[in-house]
Amino acid sequence: MINKLVEKIKKTGAPIVVGLDPMLSYVPEHIQKKSFDEYGETLEGAADAIWQYNKQIIDSTYDLIPAVKPQIAMYEQFGVEGLKAFQKTVDYCHEKDLVVIGDVKRGDIGSTSAAYATGHLGKVQVGSKTYRTFNEDFATVNPYLGTDGIKPFADVCKEEKKGLFILVKTSNPSSGEFQDRLIDGKPLYEHVAEKVAAWGEDVMGDEYSYIGAVVGATYPEVGKVLRQVMPKSFILVPGYGAQGGKGKDLTHYFNKDGLGAIVNSSRGIIAAYKQEKYAQFGAENFADASRQAVIDMIEDIASALK
Ligand SMILES: O=c1ccn([C@@H]2O[C@H](COP(=O)(O)O)[C@@H](O)[C@H]2O)c(=O)[nH]1
């Protein structure tokens, strides 16, 4: 799957990911009304509204982008109905030939990680039959439990040719509380990055490893260091747009081949119609506003990399 991601980035010229983080409050009134008329103000109604909203955004952007990143928390808040909307979204993105990065941030003791890996990336055995369940192409994983928490994910990736993005330096304001702590003279994030590079050696694609890292756009100096520590790992870069990251901050996250990083924007794309810059589109044309926001993001990153 890392090879497909690289190919699609080369083809689109867009090292970006659209984050599908559909809060109900972003879904325009006319879509909410239609879903509530059909299902009532129920969890099913909410799940239908976020699915309809996602579908229109995917339809208006899929030809410009290589990948999407649905954030499972936004779906889980609506319980089982929300998870069905997550599944529909993943399946529909596959129909559109998009690479799907499940932002699920899993990771546990080995046996439990194995179950998470099966559910999100692998196949589950039921008697004589096997089923793919969520079936994302990549999953985000938390490394806090160490090697035995990661290995089951890496094993499934090897078998299924799928991939991981492991949290190394997150974009949030408090990320330094633990991640920046010095251990043997080096910040913890650097130790984790060294492990990501080592874990990744065993599962190499053509140019990059199946195992990548998450490094926030909000810490560009750290991004510059970590790019060197993990030369063969793709970096998923959240924090662009709504969290303040800009194209000009991100040049050092890329390798000299112009590859190696993929930048996520969620609210900045899916709720673009709410920004003054895209207000002319109006809520009815929210998906066109998202398309324009994608075009602007691609241009911002391309001009920074020139
Ligand atoms: O360090 C991290 C890791 C993950 N995220 C996730 O990315 C998106 C960002 O959304 P925006 O609306 O573009 O801010 C969201 O799903 C986060 O959970 C992150 O922001 N930082």
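Good morning. I begin with R291, which is partly exposed, its relative accessible area being 27%. The structure before you is a predicted model, and every value I give has been computed from it.

R291 has a charged partner. It forms a salt bridge with D63, and the closest N and O atoms of the two are 2.8 Å apart. This pair links distant parts of the chain: R291 sits in helix α12, residues 286-305, while D63 sits in the loop between α3 (43-61) and β2 (67-70), and the two positions lie 228 residues apart in the sense that they are 228 residues apart. D63 is also partly exposed, because its relative accessibility of 43% lies between the limits of 20% and 50%.

As background, side chains of opposite charge can pair when their charged atoms come close. Across the whole structure, a search finds 20 salt bridges. I shall discuss a few of them.

Let me turn to strands β2 and β3. Which side chain meets D103 in a salt bridge of 2.6 Å, N to O? The partner is K69. D103 lies in strand β3 and K69 in strand β2, so this pair ties together parts that are 34 residues apart in sequence. Are these two residues buried or exposed? D103 counts as buried, at 5% relative accessibility, and K69 counts as buried as well, at 4%. The cut-off behind both statements is a relative accessible area under 20%.

D103 has a further charged partner, K105. The side chains of K105 and D103 meet in a salt bridge of 2.8 Å, N to O. K105 is found in strand β3, which spans residues 99-106. Whereas D103 is buried, K105 is partly exposed, with a relative accessible area of 40%.

K105 deserves some further attention. In UniProt, an unreviewed entry carries the annotation "active site" at K105. I report that as the record's statement, and the annotation may be inferred rather than shown by experiment. Which residues does K105 touch, leaving aside those up to four places away in sequence? They are Q71, T140, V141, N142 and L167.

One more charged group should be mentioned: K4, K8 and D97 are linked in a network of salt bridges.

I now move to a buried polar residue, S233. This residue is found in the loop between α10 (220-229) and β11 (235-237). Why does S233 count as buried? Its relative accessibility is 2%, and buried means under 20%. The side chain of S233 reaches the backbone oxygen of I211 at 3.3 Å. I211 also appears among the residues that S233 touches, not counting those up to four places away in sequence; the full list is V196, A197, Y208, I211, G212, R227 and G260.

Finally, I come to the surface. I109, Y144 and L145 form a nonpolar patch there, with about 360 Å² of accessible area together. Where is Y144 placed? Its place is in the loop between β6 (138-141) and α7 (147-160). Y144 is exposed, with a relative accessible area of 72%, whereas S233, also in a loop, is buried at 2%.

To close, I would recall two points. R291 and D63 are joined by a salt bridge across 228 residues of sequence. D103 meets K69 in one salt bridge and K105 in another, and K105 is the residue that the UniProt record annotates as "active site". Thank you.

Technical notes: Residues numbered from 1 in each chain as written. Predicted model: local features only at pLDDT ≥ 70, side-chain atom pairs only at ≥ 80, totals over all residues. Heavy atoms only, no water. Patch = residues over 30% accessible without salt bridge, like charges linked within 9 Å, V, L, I, M, F, W, Y side chains within 5 Å. Areas by Shrake-Rupley, 256 points an atom, 1.4 Å probe, with all protein chains shown as cover. Salt bridge = Lys/Arg side-chain N within 4 Å of Asp/Glu carboxyl O. Helix = DSSP H or I, 4+ residues; strand = E, 2+ residues; numbered from the N terminus. Buried < 20%, exposed > 50% of the residue type's maximum accessible area, 1.4 Å probe, protein only. Polar contact = N/O pair within 3.5 Å; in protein donor to acceptor, adjacent residues only side chain to side chain. Contact = heavy atoms within 4.5 Å.
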